[in-house]
Amino acid sequence: SRIYAEASIYDEFVEKVAACAKEFSAKVGDPFAEDTQGGPLVSEGQRNRVWSYIQSGLNEGAEAIVGGKAWEGRGFYIQPTVFVNIKPHMKIVKEEIFGPVVVIGKFETEEEAIRLANETTYGLAAGIQSSSLLFVCPSMLRPAPNTFIVPR
């Protein structure tokens, strides 16, 4: 779960994602409650797997600006976590986490964005938000993602 934002909008973007994650965190709980937006993970094993990624991110020097702490209470829950100050070599950047965790990096040029997007062996889905249709081209990504999303 990687997001790359252009350097010129990075700080504002991170603030907005963090605010959304905090709001979402307040609505994690009983999956049968009407106001719940996030429930538990599927199993204790999956919760432990996701928690190991969070610990890895912290140990490798990423900063958790939301979450990053163990869940208080019962159930296979993980606090929604937002990481910044990431580096391409970090496990949380290179691998798919399959939990409520996102890493946010920044780029200066389109070439750097493409390079960063391609520095993984996984490519399940990709999306690009851009005002330039010239930039929105899934063939730039290797491996090509199974799903490619371009907002209108």
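Biologist: Let's start with Phe107: is Phe107 buried or exposed?

Modeller: One thing to keep in mind is that this is a predicted model. The number to read is the relative accessible area, and buried means under 20%. Phe107 comes out at 11%, so Phe107 is buried. You'll find Phe107 in strand β4.

Biologist: And which residues is Phe107 in contact with, leaving aside its neighbours within four places in sequence?

Modeller: There are two stretches to look at. Phe107 is in contact with Tyr4, Ala5, Glu6 and Ala7, and also with Glu112, Ala113 and Leu116. Try the C-alpha atoms of Phe107 and Tyr10 too: they are separated by 8.7 Å, although the two residues are 97 apart along the chain.

Biologist: Tyr10 sits in α1, right? Which residues of α1 are buried?

Modeller: Tyr10, Val14, Val17, Ala18 and Ala21. They span an arc of only 105° around the axis, which means they are on the same side of α1. Now turn to the face pointing away from that buried side, and you meet the exposed residues Glu15, Lys16 and Cys20.

Biologist: What do the buried residues of α1 pack against?

Modeller: Strands: β1 (2–6), β2 (63–66), β3 and β4 (101–107). As for the helix itself, α1 covers residues 10–25, 16 residues in total. From first C-alpha to last, α1 reaches 22 Å, close to the 22 Å expected at 1.5 Å a residue.

Biologist: Let me pick a residue from β3. What can I read off Thr81?

Modeller: Thr81 belongs to strand β3, residues 81–84. Its relative accessible area is 3%, so Thr81 is buried. Check the side chain as well: it reaches the backbone nitrogen of Gly68 at 3.1 Å. Beyond its neighbours within four places in sequence, Thr81 has contacts with Ile54, Ala64, Val66, Gly67, Gly68, Pro100, Val101 and Val102.

Biologist: How should I read aromatic rings, and how many aromatic pairs does a search of the whole structure find?

Modeller: In general, you describe a pair of aromatic rings by the distance of the centres and the angle of the planes. Here the search of the whole structure turns up one aromatic pair. The rings belong to Trp71 and Tyr77; their centres are 5.0 Å apart and their planes at 20°, so the pair is stacked. As for accessibility, Trp71 is partly exposed at 25%, while Tyr77 is buried at 10%.

Biologist: Rings can also sit under a charge. Which ring does the charged end of Lys91 sit over?

Modeller: That of Tyr53: the charged end of Lys91 is 4.9 Å from the centre of the ring.

Biologist: What about a polar residue such as Gln46: where does Gln46 lie?

Modeller: Gln46 lies in helix α2, residues 44–59. Its relative accessible area is 19%, and the cut-off is under 20%, so Gln46 counts as buried. Not counting residues up to four places away in sequence, Gln46 touches Leu41, Ile97 and Phe98.

Biologist: Zooming out, what does the secondary structure of the protein chain come to?

Modeller: Four helices and six strands. Read from the N terminus, the order of elements is β-α-α-β-β-α-β-α-β-β. Of the 152 residues in the protein chain, 31% are buried.

Biologist: And how do I read contacts across the chain?

Modeller: Ask how far along the sequence the partners are. Among contacts between residues at least 6 apart in sequence, 51% join residues at least 24 apart.

Conventions: Residues are numbered from 1 along each chain as its sequence is written. This is a predicted model: local features need pLDDT of at least 70, side-chain atom pairs count only at pLDDT 80 or more; totals for chains, interfaces and linings use all residues. Side-chain values use heavy atoms; hydrogens and water are left out. Helices (H or I, at least four residues) and strands (E, at least two) are DSSP runs, numbered from the N terminus. Buried means under 20% relative accessible area, exposed over 50%, partly exposed in between (1.4 Å probe, protein chains only). A polar contact is a pair of N or O atoms within 3.5 Å; within protein, one must be able to donate a hydrogen and the other to accept it, and residues adjacent in sequence count only if both atoms are side-chain atoms. Contact means heavy atoms within 4.5 Å. Rings of Phe, Tyr and Trp (its six-membered ring) pair if their centres lie within 6.5 Å; planes under 30 degrees apart count as stacked, over 60 as edge-to-face and the rest as tilted. A charge sits over a ring if NZ of Lys or CZ of Arg is within 6 Å of the ring centre and within 35 degrees of the ring normal. The expected span of a helix is 1.5 Å times one less than its number of residues. The arc is that of the directions from the helix axis to the C-beta atoms.
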